[in-house]
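Here is a short report on one protein model. Look at the fold as a whole, then at one helix pair, then at the empty spaces.

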Amino acid sequence: SEGGDILSSLVDWVISVVESTPPWAVYLVVWGVIYGEAAALIGLILPGETVLLAGAVAAAIGPTNIGWLITGACLAAVLGDWTGYMLGRRSGERITHSRLGSWIGEERWNRAEKLIRNGGVVAVIGARWIGYVRTVTPFVAGMSQMPTKQYLFANVLGGVVWVVVVGVTGYAVGETIGATLLLYLGFAAAVVV
């Protein structure tokens, strides 16, 4: 069928792009988005999960090394959230009352702060698995003066588990249906942006 031929051509094109993309470029995009997700609120525009999944699929079908991808993504997740936490601690009130803060909405900020105050470590770890919540949680934890040691523990544990689970899942699925999944993830990312 003609639709099948178009999809097949697109999949072949995606494979050729992935195979010709240098691994450093994949690392840079994945690590940068994951770091920026919480540090600069990029997650409100482009979810880190989607980019991590796409990078892991690219590793499954191209020259990118999944071990380096996951190791760097763990560091990026922990450092990005630590940056967000420190920003929230130092300038949380200014952020929530800025144009961006009002775009997020006072109700969301209040709900997130209540969640952090009541849930502590469990809330920070659990937030990793919920898109927009993952993005604002570090700021809110810093704003609410969550103890630093407690936050660091939750940040490292949550970040490493999240990256490993999402990255390994993307890699395993990528080995099975690779380029087709990458194509759909690309379309999803384009729609989100």
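## Overall fold

The protein has eight helices and zero strands. Along the sequence, the pattern reads α-α-α-α-α-α-α-α. Keep in mind that this is a predicted model.

The protein has 193 residues, and 46% of them are buried. Now take the contacts with a separation of 6 or more. Of these, 83% join residues that are 24 or more positions apart.

## Helix 6 meets helix 7

Find helix 6 at residues 106-127 and helix 7 at residues 131-143. Their axes come within 9 Å. They cross at roughly 100°. Angles from 65 to 115 degrees count as roughly perpendicular, so helix 6 and helix 7 are roughly perpendicular to each other.

Which residues make the contact? Helix 6 brings Trp109, Ala112, Glu113, Ile116, Val124 and Ala127. Helix 7 brings Val133, Arg134, Val136, Thr137, Phe139, Val140, Ala141 and Met143. By class, the contact of helix 6 with helix 7 has eleven nonpolar residues, one polar and two charged.

## The cavity

Rolling a probe the size of a water molecule over the atoms shows where empty space is left. How many cavities of 30 Å³ or more does the structure hold? It holds one. The largest cavity has about 50 Å³ of space.

Its lining is made of Asp81, Val124, Ala127, Arg128, Arg134, Thr137, Pro138 and Tyr151. Helix 6 and helix 7 are the elements that give two or more residues to this lining. Helix 7 gives the most, with three residues. The lining of the largest cavity divides into four nonpolar, one polar and three charged residues. Some names return here: Val124, Ala127, Arg134 and Thr137 line the cavity, and these residues also take part in the contact of helix 6 with helix 7.

## The second largest pocket

Next comes a pocket. The second largest pocket holds about 250 Å³ of space. Ten residues line this pocket. Closest to its centre are Arg108, Arg111, Tyr132, Val133 and Val136.

Which elements give two or more residues to the lining of this pocket? They are helix 5 (99-104), helix 6 and helix 7. Helix 6 gives the most, with four residues. The lining of the second largest pocket has eight nonpolar, no polar and two charged residues. Val133 and Val136 sit among the residues closest to the pocket centre, and both belong to the helix 7 side of the contact with helix 6.

How values were computed: Residues numbered from 1 in each chain as written. Predicted model: local features only at pLDDT ≥ 70, side-chain atom pairs only at ≥ 80, totals over all residues. Heavy atoms only, no water. Axes fitted to C-alpha atoms, helices over the stretch in contact; angles between N-to-C directions. Parallel < 35°, antiparallel > 145°, perpendicular 65-115°, else oblique. Contact = heavy atoms within 4.5 Å. Nonpolar A, V, L, I, M, F, W, Y, C, P; charged D, E, K, R; others polar. 1 Å grid on protein atoms, 1.4 Å probe; cavity = no way out; pocket = protein on both sides within 12 Å on 5 of 7 lines; lining within 4 Å. Points joined across faces, edges and corners; volume = space filled by probe spheres on them. Buried < 20%, exposed > 50% of the residue type's maximum accessible area, 1.4 Å probe, protein only.
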